[in-house]
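Here is a structure to walk through together, from the overall layout down to single residues. Please keep the viewer open as you read.

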Amino acid sequence: MSFQLNCPNCGKRAVSEFTFKSELKNRPAADADFSEWTDYVYFRENNMGRQIEWWHHRSGCQSWFLAERDTLNNTDHRSFWYEDLEQNSKDKDGES
Ligand SMILES: [Zn+2]
């Protein structure tokens, strides 16, 4: 199945230019137990619907970014840098 993905640096391109890495997951603390690390490394939620995922623009600018994609129809809703996700989280928590 082919669709287009929006690189925050280059704009819309064919998905064949990109490599899918994983859905976005919170990294466990360095001292987390073995089961937390196993879950982080090997298991995925594989949601039906919207999820935020890591993508690499392999055949373009070589950037890693996040995309919110609907897994049911491969609709790309938005793409953004990880730093923007962090900033949005801080804004929601009332930090600046
Ligand atoms: Zn790019």
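What follows goes from the whole chain to its sheet, and then to one loop.

Keep in mind that this is a predicted model. Let us begin with the overall inventory: the protein contains two helices and six strands. Their order along the sequence is β-β-β-α-β-β-β-α. If you fit principal axes to the C-alpha trace, it spans about 40 × 35 × 25 Å. Of the 96 residues, 9% count as buried. As for the contacts with a separation of 6 or more, 49% of them link residues 24 or more positions apart.

Now to the sheet. Four of the strands make up an open sheet, and its order is 3-4-5-6, with antiparallel pairing. At its edges you will find strand 3 (19-23) and strand 6 (75-80), each of which pairs on one side only. Direction ignored, neighbouring strands of this sheet are turned by 35 degrees against each other on average. As a general reminder, strands of a sheet pair through backbone hydrogen bonds, either parallel or antiparallel.

Next, follow the individual pairings. Strand 4, residues 50-56, runs antiparallel to strand 5, residues 64-70, and seven bridges join the two. Two residue pairs help you to find the register here: H56 has W64 of strand 5 as its bridge partner, and I52 stands opposite E68 in strand 5.

E68 is a handy stepping stone, since you can continue from this residue to the next strand. Which residue of strand 6 stands opposite E68? It is R78. So E68 faces I52 in one pairing and R78 in the other. Strand 5 and strand 6 also run antiparallel, and five bridges join them. The two strands form a hairpin with four residues between them. In that turn, N74 has a positive phi of about 55 degrees.

Finally, visit the loop between strand 4 and strand 5, where S59 is located. Is S59 buried or partly exposed? S59 is partly exposed, because 13 other C-beta atoms lie within 10 Å, while a buried residue would need 20 or more. For a sense of distance, compare S59 with P28: the two are 31 residues apart in sequence, and their C-alpha atoms are 31 Å apart in space.

How values were computed: Residues are numbered from 1 along each chain as its sequence is written. This is a predicted model: local features need pLDDT of at least 70, side-chain atom pairs count only at pLDDT 80 or more; totals for chains, interfaces and linings use all residues. Two strands pair if DSSP finds at least two bridges between them. Axes are lines fitted to C-alpha atoms, for helices over the stretch in contact, and angles run from 0 to 180 degrees between N-to-C directions. A residue is buried if 20 or more other C-beta atoms lie within 10 Å of its own, exposed if 12 or fewer, and partly exposed in between; C-beta atoms are placed from the backbone. Two residues are in contact if their C-beta atoms, placed from the backbone, lie within 7 Å.
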